[in-house]
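Open your viewer and keep the selection box handy. We will go from stop to stop, and at each one you will hear what to pick and what to look for.

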Amino acid sequence: MPVALRDPALHELILGFLGAGALLAGLVLGGFSALLSFWAGWRNSAVFVQIGRRAFYAATAMTVLAAIVLETALLSHDFSLAYVAEHTDLSTPIALVAAAFYGGQEGSLLYWTLILGLLGSASLIASTALGGRVAAYAAGILASILAFFLFVLAVVASPFDLLSVTPPDGLGLNPILRDGGMLIHPPVVLAGFAAFAIPFAFASAALLAGRSDAEWIRHTRRFALVAWSLQSTGLLLGMWWAYHVLGWGGYWGWDPVENVALMPWLATTAYLHSSQVQEKRGRLRAWNLGLVMLAFLLVVFGTFIVRSGVVPSVHTFAISAIGPWFLGFLFACMVFSAVLLATRARAGASVARRPADPVSREGAFVLQNVLLVGVVAVVFWGTVLPLVSGMLGLERVVGAPYYERAAGPLLAALLALLAVGPLLPWRRAGLPTLRALRWPAGTAAVVLVVLAVAGVRSPAVLLGIPLAAAAAATVFTEYGRALLSKPRSVLVRRRRYGAYLAHLGMLVVAVGIAASQGGQQEKDVTLAPGEQVTVAGYTLTYTGSGQRQFGDHDELIAAMRFGDRTLEPSRAVYAGLGGQALTHVAITTTPLADVYVVLAGMSEDGRASFRVFVNPLVTWIWAGGAVIILGVVLGNVGERAMDAELARRRIPITLPA
Amino acid sequence: MSRRSLAIGAVAVVLGSILMLSLAWGLQHAALSNPPVLGKTAPKLAIQTATGDEVRVWDLQGKPVVLNFWASWCGPCVEEGGVLADGAKAHADVAFVGANNQDTASGFSAFEQRHPHSYPAGPIVTGTYQSYGVAALPATFFINSDGVVVASFTGPLDATTLDHYLALIAS
C-alpha cells in the first residue's frame with residue numbers, strides 16, 4: 001500500500017518486521033537443511049544432498065537480508081529499534097554508525113551468523129570432491145550451527161526488537177569504541193571465530209562418514225587456514241588497537257576475552273603443523289581431528305564467556321540473556337565431539353607401525369603440538385579459575401604474572417623448536433642434520449653475548465631474542481640452501497617456503513614482544529610549560545596546552561616537543577554522553593622504541609601531569625604480523641592451480657610415503 | 001573397551017562436568033562482575049522527582065540503597081517496574097531510587113502518568129549515569145549502608161534476583 005508506506009512510523013515498523021521475518025525464515029530453512037542433509041548422509045541420497053545444500057544457501061540468503069535490514073535501520077537512525085537506540089545516536093559519525101552493526105550483543109551475533117552462512121556456503125560449494133556423504137554430513141552440521149544462531153537471534157536476542165515509544169535520540173556508542181580500530185578489529189575477529197566452524201563441520205563429517213583421508217585434510221586445512229589467518233589478523237589488530245587507545249602502555253592484558261580469542265588460534269596453529277604429518281606420513285589422524293574439534297569447542301566456550309558476562313573483563317557485552325543458551329550449545333558440542341571421537345576415530349586410525357624416531361620432523365611436530373596444547377591448557381586454566389574456585393567459595397583470580405610464568409617457558413621452548421624443527425628430516429635425523437644445527441646455535445650464542453655485553457639483564461630479552469635469532473638463522477639457511485641449489489623449488493614448493501616466511505614474521509613478533517616486555521620504562525611527571533622530562537634517554541619538553549572542538553567531543557591537548565616532532569596527548573570529553581572523558585594517547589616511533597605519552601591530568605595553573613612510556617621494538621610486532629600474513633598468502637593462494645599444473649607435468653609435490 | 005580408554009573416558013567426563021558446573025555457577029553470579037564502581041564508594045548522584053523534590057544518593061547513608069537507571073522508552077524497564085515496586089514495599093528499610101536518563105521531559109512525565117513509581121524517581125540533576133558505567137538499560141546498583149556499591153545488575157530484574165541482591169546489602 002503506497003499510501004501507508006509514506007507514513008514514516010509505519011515505514012520504520014516495516015524494517016523491524018522484515019528483519020525479524022528474515023531471521024525466522026532463515027531459522028526454518030536452516031533447520032530444514034540440517035534434517036535433510038543428515039538424512040541424505042545416512043541414506044547416501046544424492047538428491048537430498050542437493051536439496052539440503054540449497055536450503056543452506058537459502059538460509060544464508062535470509063541472513064544476508066536481515067543484515068541489510070539492520071544496516072539500513074542503523075544508517076537511517078531508526079530509533080524505533082531498541083538496538084539502534086542503544087548503540088547509536090545522531091552525533092555519532094556515520095562510519096561508526098555503520099560499525100555499530102557489530103558493536104552490540106545482538107548485532108555482533110547477526111554478523112557472526114552472516115559470516116558463518118557465507119563461509120559455510122563457500123565451503124559447501126568447494127566440497128564436491130569430498131564425496132556425497134562427507135559433504136552431506138558437513139552441510140548438516142553447518143546447518144545445525146547456523147540454525148542455533150538464527151534461533152538465538154530470532155527468539156532470545158533479536159536485533160529487531162521494537163521500542164514501545166520511539167525516542168528522539170539514541171544512547172550512543174561507548175566512547176572507547178569511537179575509534180578507527182572499531183572499523184577493522186571486531187569484524188575480523190568475529191569472522192575468524194565464525195570461520196572455525198567450517199573445519200569442525202568437515203572433521204565431524206569425516207568421522208560420521210568414516211572417511212579421514214588425504215582429501216579431507218586438504219579441504220579442512222584450507223578452511224582452517226582461512227580461520228587461522230583471520231584470527232591472526234584480528235588478534236594483531238586488537239593488540240594494536242588496545243595499545244593505541246587504552247593508554248596503559250601495553251597491548252596484551254591476559255584479559256579473559258583476549259584469552260578466548262588466543263586459544264582457538266593456538267589449537268589451529270598446532271593443527272596446521274600436525275596435519276602435515278598426516279599428509280606426508282599418514283599418522284596422527286585421530287589427533288588432527290581432535291585438534292580441529294578442540295579449536296571449535298574453544299570458540300564456543302569463548303563466545304559463551306564473552307557474551308554471558310560470567311568473568312570480569314573489559315570486553316563483555318551488557319545483557320546476558322543468551323548465556324544459558326550458549327552454555328547448552330557448548331554442552332551439546334562437547335558431547336557430540338567426545339562421542340564422535342571416542343566411537344569413530346579409531347576406525348580411521350592409522351595402522352600400527354613402528355613409532356617414528358623422536359628426533360625427526362614427526363617428533364618435532366609432536367613436541368610442538370604438545371607445547372601449544374600446553375599453552376592452551378595454561379590459558380584455559382587462568383580463564384576458568386575464577387569460576388571453578390568461585391563455585392568452591394574461594395574466589396581466586398590470576399593476573400599477568402601467572403600467565404608469564406606458566407606460559408613463558410613453553411613459549412621459549414616453542415621458539416627453540418622453531419630453530420631446530422625445520423632442519424630435521426622426516427623419519428630419522430642423522431649426523432648431517434646435527435651439522436646443520438651449527439648455524440642457528442652459533443647465531444644464538446653470538447646474539448646472547450652481544451646482548452650481555454650491551455648490558456641487557458632482562459631474562460625475557462636474554463632468552464627470547466637469541467632463540468628468535470637462532471630460528472631466523474634456520475629460516476635463512478633453508479632459503480639459502482634452496483636458492484643456491486634449485487632456485488625454482490622456492491616457487492614450486494611454495495607452501496613450504498611461504499610457511500618459512502610466516503615463521504620469520506613470527507620471530508619478528510617474538511623479538512618485539514620480548515623487547516617490549518623486558519625493556520619497557522615508564523615515568524610519571526608533572527611539568528610546567530617549558531620544563532623537560534627524560535625517560536630512557538629520550539627527552540620531551542612540555543610546550544603548553546590548548547582546546548580543540550570536534551563534532552561529538554571537545555579535546556584538551558597538552559603539547560610535548562620531541563626533537564623536531566610535536567606530540568599531542570589529549571583528554572576528550574564527550575558532551576553528548578554526560579561528560580564522559582577519554583584519554584587519547586600520543587605515540588611516536590623511533591627505530592628502536594616507541595615514545596608513548598598519556599595526559600594524566602591538568603591543573604588550573606597550566607601544569608600538566610604525564611605518564612611517559614618508552615616501549616622498545618613494539619613496531620616489530622605489527623611488522624612481523626604483516627610478514628606472517630604475507631607468508632600465508634604467498635604460500636597458499638592459487639595453491640590448487642599449482643597442484644594441477646604440477647600434476648600435469650608429473651612433478652611430485654609430496655614425499656613418497 | 002580397554003581399561004585405558006575407560007580411564008580416559010572417566011577423566012574426560014569428570015573434567016567436563018566440573019567445567020560445565022563452574023560455567024553454570026558463573027552464569028548464576030554473572031552480574032557481580034560488571035563495572036568499575038564495585039567495591040567503591042558510590043559516585044555522587046542526585047535526581048529530581050516529578051514533584052520537584054531532590055533526592056541525593058549520598059545523603060541516604062546509613063540506609064542501603066537500590067539505585068535503578070531507567071528510561072521511558074525502555075521496554076524492559078517497564079517489565080521490572082512491578083518487581084521493584086514490590087521490593088520497595090517489602091523492604092521499608094531500603095531506599096529505592098529511580099534515575100531517569102537519556103530521556104525527554106515529556107517522555108518522563110508521560111511515563112509517570114502511566115506507570116507511576118512508588119518510590120522517588122526522576123531525571124538525574126547531579127552526577128552522570130556514565131560514572132556508574134551504565135552501558136545499557138535497565139541497570140541497577142546495590143549500595144550498602146556505608147555508601148559502597150556492593151553489586152550491580154544489567155537487564156530487567158526478577159523477584160528472586162532482587163532478593164538475592166537485597167540480601168547482600170541488608171545491614
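Start by selecting Leu617 of chain A, which sits in the loop between β10 (608–616) and α21 (618–636) of chain A. Bear in mind throughout that this is a predicted model. What is the phi of Leu617(A)? The backbone angle is near 55°, a positive value in a residue other than glycine. That deserves a second look, because most residues other than glycine have a negative phi. Next, is Leu617(A) buried or exposed? There are 22 other C-beta atoms within 10 Å, so Leu617(A) is buried, the cut-off being 20 or more.

Now select Ala536(A), in the loop between β2 (532–535) and β3 (538–549) of chain A. Here too you will find a positive phi, about 50°, although Ala536(A) is not a glycine. The surroundings can be counted in the same way: Ala536(A) has 17 other C-beta atoms within 10 Å and is therefore partly exposed.

**Zooming out to the chains**

Show all of chain A as a cartoon. Its secondary structure comes to 22 helices and ten strands. Of the 657 residues of chain A, 49% count as buried. If you draw a contact map, take the contacts between residues at least 6 apart in sequence: 74% of them join residues at least 24 apart.

Colour chain A by domain next. The domain assignment gives domain 1 (7–176), domain 2 (179–351 + 364–399), domain 3 (400–518 + 623–648) and domain 4 (521–618). Place a marker at the C-alpha centre of domain 1 and another at that of domain 4 of chain A, and the two lie 43 Å apart.

Then switch to chain B, which is divided into domain 1 (1–31) and domain 2 (34–169). The centres of these two domains of chain B, taken over C-alpha atoms, are separated by 39 Å.

**Helix pairs in chain A**

Return to chain A and select helix α7 (residues 132–156) together with helix α9 (residues 197–209). They pack at an angle of about 135°, with their axes 8 Å apart. At that angle, α7(A) and α9(A) are therefore oblique to each other. Turn the view until one helix lies over the other, and you can follow α7(A) passing α9(A) in a right-handed crossing. For the side chains, show the α7(A) residues that meet α9(A), including Tyr137(A), Ile141(A) and Ile145(A). On the α9(A) side, the partners include Ala201(A), Phe202(A) and Ala205(A). The residues of this contact divide into 13 nonpolar, one polar and one charged.

The next pair is helix α11 (residues 256–281) and helix α14 (residues 361–391) of chain A. Their axes come within 9 Å and cross at roughly 165°. That makes α11(A) roughly antiparallel to α14(A). The crossing is left-handed. Its contact residues comprise 15 nonpolar, nine polar and two charged.

For the last pair, select helix α17 (residues 438–453) and helix α18 (residues 459–485) of chain A. The axes come within 8 Å and cross at roughly 145°, and α17(A) passes α18(A) in a right-handed crossing. Among the α17(A) residues in the contact are Trp439(A), Val447(A) and Leu451(A), while those from α18(A) include Ile465(A), Ala469(A) and Thr477(A). The contact divides into 16 nonpolar, three polar and no charged residues.

**Two residues to finish with**

Select Leu507(A), in helix α20 (residues 494–519) of chain A. With 28 C-beta neighbours inside 10 Å, Leu507(A) counts as buried. Which residues does Leu507(A) touch, not counting those up to four places away in sequence? They are Leu418(A), Ala468(A), Ala471(A) and Ala472(A). Try the distance tool as well: Pro487(A) is 20 residues from Leu507(A) along the chain, and their C-alpha atoms are separated by 24 Å.

The final stop is Tyr111(A), in helix α6 (residues 105–125) of chain A. Tyr111(A) counts as buried, with 23 C-beta neighbours inside 10 Å. Leaving aside residues up to four places away in sequence, Tyr111(A) touches Phe101(A), Tyr102(A), Pro187(A) and Leu190(A). Finally, draw a line from Tyr111(A) to Thr433(A): the two are 322 residues apart in sequence and 49 Å apart in space, C-alpha to C-alpha.

Notes: Residues numbered from 1 in each chain as written. Chains lettered and ligands numbered in written order. Predicted model: local features only at pLDDT ≥ 70, side-chain atom pairs only at ≥ 80, totals over all residues. Axes fitted to C-alpha atoms, helices over the stretch in contact; angles between N-to-C directions. Helix = DSSP H or I, 4+ residues; strand = E, 2+ residues; numbered from the N terminus. Parallel < 35°, antiparallel > 145°, perpendicular 65-115°, else oblique. Left-handed = near helix turned anticlockwise from the far one by under 90°. Contact = placed C-beta atoms within 7 Å. Nonpolar A, V, L, I, M, F, W, Y, C, P; charged D, E, K, R; others polar. Buried ≥ 20, exposed ≤ 12 C-beta atoms within 10 Å, placed from the backbone. Domains from an automatic or database assignment.
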